[in-house]
Amino acid sequence: QPQQSQDVFSNFLSSLSGPAPPTVSNDASANDAGIKLNCSILQASRVSFPSSFQLPTCMVLDPSYRRRREKAMLVGFRDGKLILTKRGFMFQRRTDAVIYQGAGEGSGIEAVEWRGSLVAWADASGIKLFDVESMTRIAHIDRPSGANAALYPSISSLKPTLLFETSEQLLVAWGDCAMMMKVKDVSIVQKAPDVAGTSSVMALPPSADTAVLKKRQVECTMAWELDCVASGVVPLDKDHVIILGLIPNEEDNEASANDLEVQVISRAEGTIVYADVLPVIKLPSQFTTSPQGAIAESASPYFIGSTFGLPRMEDSIEAEEEGVDQDFDFTLAFTQTKAKFTDPHLKWDMQAISFATKKIDTSRKSEKK
């Protein structure tokens, strides 16, 4: 039976990649080969930029790319530029707008994320939030102190992970820090200037001599210091997030001894609810050598994905795409309010499943920032 199961698995992979997958061995050449999958490009569209721009580092498509006639994308470059490119349907007209120009330090624009009208990106200075519809800046969050490769002799190339888990919540993992940023709409009532030319801001109901100004503010609702260097983060449910990260070897600081671990962390307390080390075969291309001769492992090749972390459009469009909510009562169709979109991970609870695991060391607790 075990041999038959192995053959079935090998045949399945062979149908995808052609040759049979290599077996795990101590031979370096066999490990470097890995499992190779062949793929074909279904659709290609060339977007060229001036030669004066440096190499692109990241990009993201408009979540409503499929629905809109005007196609938009954001591209980050190594020199710190973030370009908003729009191309119309008729005559292929195209416009490029520089919405941000950084100092070009480090790797330039390191990550970019887009949901609805909100855009977030990260560079050497920190994280920026931007409203792409009104073309206005919302906030700047300083780079976490733990997002410094110099703190980890055996790890290099720390990469930030940005994810809009809801239309107003940005999940961030960078270095040894996990944060949650919430974007809120605030209404400010401003009294009209009096005869002397002075004005005041009050929290009063609007009237004939007042004006209501709408402003977006950002507050940090979660900040934990991790015991690993994060390579990725995804939401699990309303109470937990999943972190994929490298745990530095503190005894000998050898890069080959770093453990890749997946952790389920409580949002409220920062405790590790579940943790497991993943067995991986590390390739020589993942390691770099510093001028001092120290060998460090890059955290960039590792990535964690989830259907709970898919790109999302505006909530109203997502609700339309999702269809009628199961809880919608058709007998009250004329009186019931329109169904709102709820992100899938908020409908699920980790307690719905049970699994056998060893006792977790409760001493491994993240520290609050």
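Here are four short exercises on the structure above, each with a worked solution.

Before you start, note that this is a predicted model, where local features need pLDDT of at least 70, side-chain atom pairs count only at pLDDT 80 or more, and totals for chains, interfaces and linings use all residues. Residues are numbered from 1 along each chain as its sequence is written, and side-chain values use heavy atoms, with hydrogens and water left out.

**Exercise 1: the neighbours of E17**

Find out which strands pair with strand E17, and in which sense.

*Solution.* Start with the naming: helices (H or I, at least four residues) and strands (E, at least two) are DSSP runs, numbered from the N terminus. Two strands count as paired if DSSP finds at least two bridges between them.

- Step 1. Strand E16 (residues 240-247) pairs with E17 in the antiparallel sense, over eight bridges. Look for Gly245: its bridge partner in E17 is Glu261.
- Step 2. Strand E18 (residues 272-277) also pairs with E17 in the antiparallel sense, here over five bridges. Ile265 has Ile272 in E18 as its bridge partner.
- Step 3. Now follow the chain from E17 to E18: the two form a hairpin with five residues between them. Gly270, in the turn, has a positive phi of about 75 degrees.
- Step 4. Check how covered E17 (residues 259-266) is: seven of its eight residues are buried. Buried means under 20% relative accessible area, exposed means over 50%, and partly exposed lies in between (1.4 Å probe, protein chains only).

**Exercise 2: a four-stranded sheet**

Work out the strand order of the open sheet that includes E6 and E7, and name its edge strands.

*Solution.*

- Step 1. The four strands come in the order E5-E6-E7-E8, with antiparallel pairing.
- Step 2. Strands E5 (111-115) and E8 (136-142) are the edges, as each pairs on one side only.
- Step 3. From one strand to the next, the twist averages 15 degrees. For such angles, axes are lines fitted to C-alpha atoms (for helices over the stretch in contact), and angles run from 0 to 180 degrees between N-to-C directions.
- Step 4. Zoom in on E6 (residues 118-123) and E7 (residues 126-131): six bridges join them. Ala120 has Leu129 in E7 as its bridge partner.

**Exercise 3: salt bridges**

Take the salt bridges Asp62-Arg68, Arg115-Asp343 and Glu165-Arg267, and decide for each residue whether it is buried or partly exposed.

*Solution.* A salt bridge is a side-chain nitrogen of Lys or Arg within 4 Å of a carboxyl oxygen of Asp or Glu.

- Step 1. Asp62 and Arg68 meet at 3.2 Å, N to O. Asp62 is buried because its relative accessibility is 3%, while Arg68 is partly exposed because its value is 32%. These two also belong to a salt-bridge network with Glu133.
- Step 2. Arg115 and Asp343 meet at 3.0 Å, N to O. They sit 228 residues apart in the chain, and both are buried.
- Step 3. Glu165 and Arg267 meet at 2.9 Å, N to O, and lie 102 residues apart in the chain. Glu165 is buried, at 1%, and so is Arg267, at 14%.

**Exercise 4: the largest nonpolar core**

Which residues have the most contacts inside the largest nonpolar core?

*Solution.* A nonpolar core is a set of buried Ala, Val, Leu, Ile, Met, Phe, Trp, Tyr and Cys residues joined through side-chain atoms within 4.5 Å.

- Step 1. This core has 19 residues, and the ones to pick are Ile127, Leu129, Leu162, Leu170 and Met179.
- Step 2. Its largest share, four residues, comes from E12.
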